[in-house]
Amino acid sequence: MAMSYKVRFWDIRERPDLRKGFEVRWTVNGREKSESFLTKGLAESRRAKLMTAARDGEPFDARTGLPASELRALKQRTTWYVLAREYIKHRWDRTPGNTRRTLADALATITPAFVEPGASYRAPRVLRRALYSWAFKKNAWKIDASEEWQAALDWLQRHSLPVGELDDPDVLRRGLDALCRKVDGTAAAAKTVKRKKAAVNEVFGVAVERGYFAQNPLIGLRWTAPEVADEVDPDCVPNPLRLPDC
């Protein structure tokens with residue numbers, strides 16, 4: 001995302017031959033942008049808002065012409081599910097196999113927790129498997145998900161929280177708490193929790209770079225993970241024949 005502080009504003013242009021005859025014009029790093037309005041008052045209000053953002057030192061996006069705060073507000077309407085899949089899409093091809101499995105497992109664990117309050121899929125194991133084995137594995141996208149998996153993912157698309165709600169500490173803690181449990185509700189190994197949290201933190205970090213957050217919402221969050229144990233949890237050893245329950 002190319003941001004620039006080189007912003008210039010022109011006078012409002014009147015175009016009486018058009019329905020929206022008042023045009024706000026500005027440039028970002030030399031690229032012309034414009035928005036049209038029905039009345040001059042609306043145009044003046046929009047121009048003043050953009051100029052205020054520039055005076056306050058906000059960078060503007062060269063592609064859309066929007067100040068950083070407005071672009072972030074638009075991006076925060078994106079759901080967590082869409083954001084997580086976008087991350088997988090861009091990261092997958094340059095990620096080693098073990099890291100791919102960790103990312104898929106971490107996202108498959110936390111994503112069902114980042115849904116609307118009270119929402120719960122009737123078959124959590126099906127949803128988890130659909131996420132781990134298809135939604136968060138780019139290689140699997142070459143073929144359509146099974147009917148059962150697609151039904152679960154359709155439900156998730158309808159109930160996944162918008163990114164803008166993930167700066168709520170209670171929502172974040174709910175997600176991190178989910179990393180501590182297997183699908184059957186029993187405790188996951190502490191090392192597994194630590195590994196998954198690191199993967200999720202990386203997703204949030206990249207989301208900051210892409211303008212979804214002003215800063216990583218996990219930084220400064222008061223949440224205590226289980227102490228790291230030395231024993232190996234056999235349920236967390238990768239098995240290509242089944243989905244890990246950790």
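**Exercise 1. Place alanine 140 and classify its burial.**

Solution. Alanine 140 is found in the loop between α5 and α6, where helices (H or I, at least four residues) and strands (E, at least two) are DSSP runs numbered from the N terminus. The model is a predicted one, in which local features need pLDDT of at least 70, side-chain atom pairs count only at pLDDT 80 or more, and totals for chains, interfaces and linings use all residues. Residues are numbered from 1 along each chain as its sequence is written, and side-chain values use heavy atoms, with hydrogens and water left out. Alanine 140 has 17% relative accessibility and therefore counts as buried, given that buried means under 20% relative accessible area, exposed over 50% and partly exposed in between (1.4 Å probe, protein chains only). When residues up to four places away in sequence are not counted, alanine 140 touches Ser133 and Trp134, contact being heavy atoms within 4.5 Å.

**Exercise 2. Describe how α5 packs against α6.**

Solution. Two packed helices are described by the angle between their axes and the distance between the axes. The axes of α5 and α6 come within 9 Å and cross at roughly 100°; axes here are lines fitted to C-alpha atoms, for helices over the stretch in contact, and angles run from 0 to 180 degrees between N-to-C directions. This makes α5 roughly perpendicular to α6, on a scale where angles under 35 degrees count as roughly parallel, over 145 as roughly antiparallel, 65 to 115 as roughly perpendicular and the rest as oblique. On the α5 side the contact residues include Arg129, Ser133 and Trp134, and on the α6 side they include Glu148, Trp149 and Trp155. By class, the contact of α5 with α6 has eleven nonpolar, one polar and two charged residues (Ala, Val, Leu, Ile, Met, Phe, Trp, Tyr, Cys and Pro count as nonpolar, Asp, Glu, Lys and Arg as charged, and the others, Gly among them, as polar).

**Exercise 3. Carry out the analysis for α3 and α8.**

Solution. The axes of helix α3 (residues 80-91) and helix α8 (residues 190-209) come within 11 Å and cross at roughly 90°, and α3 and α8 are therefore roughly perpendicular to each other. Trp80, Leu83, Tyr87 and Arg91 of α3 make the contact with Glu202, Val203, Phe204, Val206 and Ala207 of α8. Sorted by class, the residues of this contact of α3 with α8 are seven nonpolar, no polar and two charged.

**Exercise 4. Analyse the aromatic pairs, taking tyrosine 121 and tryptophan 155 as the worked case.**

Solution. Rings of Phe, Tyr and Trp (its six-membered ring) pair if their centres lie within 6.5 Å, with planes under 30 degrees apart counted as stacked, over 60 as edge-to-face and the rest as tilted. By this rule the count comes to six aromatic pairs. Tyrosine 121 and tryptophan 155 form a tilted pair, 5.3 Å centre to centre with 50° between the planes. This pair links distant parts of the chain, 34 residues apart, with tyrosine 121 in the loop between α4 (97-110) and α5 (124-135) and tryptophan 155 in helix α6 (residues 147-159). Both tyrosine 121 and tryptophan 155 are buried. Elsewhere, ring pairs link Trp80, Phe114, Phe204 and Phe213 into a cluster.

**Exercise 5. Characterise arginine 46.**

Solution. Arginine 46 is found in helix α1 (residues 40-55), and at 11% relative accessibility it counts as buried. With its neighbours within four places in sequence left aside, arginine 46 is in contact with Val24, Glu35, Phe37, Leu66 and Glu70.
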